[in-house]
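Work through the following exercises with the model open beside the text, and attempt each task before reading its solution.

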Amino acid sequence: MALDESSKLGWVLRHGTGKGYGWFRKGAKTKLRDLYSFSLEVSEEDAAVLNDLKERVKETARVWRAIEESKGACWYSQPEISSLSDSSLVSSLSVATLANAMHLKKLIRKGIPPSFRPRVWMAVSGTVTQRSTVPDSYYSDLTEAVKDKVTAATRQIDHDLARTFPTHPWLNSPEGHRTLRQILVAYSFRDSRVGYCQGMNYVAALLLLVLKSEEDAFWMLAALLERVLYSDIYSENLYGCHIEQRVFKDLLMKKFPRLAAHLDLIQFDVSLITTEWFLCLFAKSLPTETTMRVWDVLFSEGVKVLFRVALAIFKMKEAELLSTKHVGEAISIVQDTTNRAYDPDILLKVAFEDLGAMTMYIISEHRKKQQPAVVAELEERLQRVNSPRSNRPTQVLL
Amino acid sequence: MMRTVPIKVVLLGDGRVGKTSLVLRYVNATFSEQQTPTIQASYLTKRLNFNGAMVTLAIWDTAGQERFHALGPIYYRDADAALLVYDITDKDSFDRVKSWVKELRKMAPKDIILAIAGNKCDMNSQVDLKDSERYAASIGSSHFNTSAKSNIGIEETFLDIARRVLEQKKALAENVPASTQRKTMVIIDEPPPPPPPSKCCS
């Protein structure tokens with residue numbers, strides 16, 4: 001943002017596109033609700049970005065409706081486009097299907113309109129396929145079977161219900177609590193190895209707000225954990241999460257060696273903030289519509305999207321981060337960037353155009369490389385914590 | 001210009017005992033009944049003038065759910081102090097404090113300063129506070145009754161931490177060998193000063 005002489009007088013000129021451009025009073029706050037009814041208190045400048053975004057979302061919806069009229073409903077249901085990078089599969093598809101899929105991939109990167117999200121997400125994430133393998137009554141049978149059971153997971157879920165996006169009017173209603181509880185409890189029994197991990201509550205809550213159907217939200221949560229994300233990301237020892245954090249550090253070092261070296265110098269272990277991104281899929285860090293736009297591409301292109309977006313956040317602030325002197329400063333910069341990323345297009349442009357190649361193959365290779373270290377680290381910690389005596393002879397206080 | 005002493009404090013404790021609320025009350029003077037669960041950790045700072053010494057408290061708030069504990073070391077690895085928080089209405093959360101102490105003994109810097117906060121002291125206690133205080137004394141820790149909701153005991157807790165860390169740093173600067181220095185601390189602090197008269201929960 002370029003500042004002008006007048007900024008001294010309390011006005012800021014913001015350069016940008018659309019209605020995000022203009023003069024704004026410094027420090028003035030506006031209250032508003034975003035597209036998903038979250039109430040916000042933002043600067044006038046950010047409010048203009050949000051209003052502009054609302055207009056763009058309407059325009060996207062017009063485009064999608066026009067396509068639906070010409071191609072018919074459910075035109076987006078087709079072979080999973082995330083597998084398009086797999087060349088053997090590509091050759092087996094007809095040219096028409098392929099063209100359609102490429103078109104869809106491009107459209108999704110520009111954002112799925114909220115009214116289309118439920119159907120498109122279910123289709124491109126493989127949720128529809130996954131659900132078709134079990135009887136229709138699966139979910140109602142499951143919830144019925146577990147409704148009075150109490151486990152460590154259900155206790156933790158009960159603690160977290162009222163604390164999950166408490167400022168949202170529906171999520172904070174008895175109906176909201178009941179619905180969210182049912183989904184999380186059902187999932188904790190579907191995969192008792194995962195049970196319930198904090199983070200899943202934020203993900204499930206946003207799924208509910210978008211899909212507006214308890215059962216659909218349950219199935220999307222299942223598809224996410226079982227098909228989209230790396231396995232064991234939420235499991236008892238967070239094994240998958242530890243792996244992803246190490247992979248992310250590897251990628252950061254590879255893409256931005258200077259930045260990685262500097263962060264290392266100021267002892268900023270980036271997993272201090274990125275763990276939350278990977279466990280909540282940005283639900284707790286980015287503004288709602290920006291999170292939704294990340295999820296649009298996550299469901300259609302797969303988990304590499306999380307790495308791209310996380311790298312993009314660091315890339316956007318590379319220069320500022322390089323001038324930081326201590327970890328607190330760096331964390332504030334990153335958190336301020338995510339909290340105010342009201343324009344999803346800016347973030348996604350960096351994520352998809354400015355980072356160079358990053359295939360799923362590269363990520364899998366890094367995961368393989370990191371596995372032994374994570375296993376060793378988790379085991380070592382367990383041993384030390386469970387060992388009967390302190391390793392420290394100098395520790396005389398106990 | 002006066003030098004600012006950085007002090008790193010990490011908050012540890014069971015889920016929803018009020019770690020985040022304590023920090024937000026202390027740093028931002030705010031309180032919310034429905035504080036959202038912390039995933040992993042957050043970081044806040046508070047500057048204070050301590051008997052003429054400028055101190056910056058860098059406070060690390062961590063996630064309470066047990067499976068996040070394996071992430072603990074990256075927070076307490078180079079911490080000056082750990083504030084162990086439990087909920088006085090929840091006996092199990094005090095046992096969690098004990099297990100954190102054991103872990104810190106094995107994994108944290110050996111001269112880490114410990115403080116224990118029995119939070120939610122605006123409510124009826126389910127734990128024997130005398131026991132808690134005895135336990136705290138036995139590990140060379142201070143013990144405070146706090147309430148983020150009613151703003152009780154929080155200022156005192158962080159000031160106590162700052163004071164003890166500063167004393168320790170001073171002793172180190174005076175070139176006392178680390179091993180005896182820690183013992184000196186223990187002598188000063190044992191028995192620890194009686195906790196401030198309980199304004200509630202008694």
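The exercises below concern a predicted model, and each task is followed by its solution.

**Exercise 1.** Determine whether the end-to-end span of helix 9 of chain A agrees with the expected span.

Solution. Helix 9 of chain A covers residues 200-211, which makes twelve residues. At 1.5 Å a residue the helix should span 16 Å, and because its end C-alpha atoms lie 16 Å apart, the two values agree. After the helix comes A:Lys212, which has a positive phi, near 55°.

**Exercise 2.** Establish how many residues of helix 9 of chain A are buried, and what they pack against.

Solution. Buried means under 20% relative accessible area. Twelve of the twelve residues meet this description, so helix 9 of chain A is largely enclosed by the rest of the structure; among them are A:Met200, A:Asn201 and A:Tyr202. These buried residues pack against helix 4, helix 7, helix 8, helix 10, helix 13 and helix 14 of chain A.

**Exercise 3.** Describe how helix 4 of chain A packs against helix 9 of chain A.

Solution. The axes of the two helices are 8 Å apart and meet at an angle of about 125°, which makes helix 4 of chain A oblique to helix 9 of chain A. Helix 4 of chain A contributes A:Arg117, A:Pro118 and A:Trp121 to the contact, while helix 9 of chain A contributes A:Leu207, A:Val210 and A:Leu211. Sorted by character, the residues of this contact comprise five nonpolar, no polar and one charged.

**Exercise 4.** Decide whether A:Thr60 is buried or exposed.

Solution. A:Thr60 lies in helix 1 of chain A. Its relative accessibility is 18%, so A:Thr60 counts as buried. Beyond its neighbours within four places in sequence, A:Thr60 contacts A:Lys110, A:Gly111 and A:Pro113.

Definitions and conventions: Residues numbered from 1 in each chain as written. Chains lettered and ligands numbered in written order. Predicted model: local features only at pLDDT ≥ 70, side-chain atom pairs only at ≥ 80, totals over all residues. Heavy atoms only, no water. Helix = DSSP H or I, 4+ residues; strand = E, 2+ residues; numbered from the N terminus. Expected span 1.5 Å × (residues − 1). Buried < 20%, exposed > 50% of the residue type's maximum accessible area, 1.4 Å probe, protein only. Contact = heavy atoms within 4.5 Å. Axes fitted to C-alpha atoms, helices over the stretch in contact; angles between N-to-C directions. Parallel < 35°, antiparallel > 145°, perpendicular 65-115°, else oblique. Nonpolar A, V, L, I, M, F, W, Y, C, P; charged D, E, K, R; others polar.
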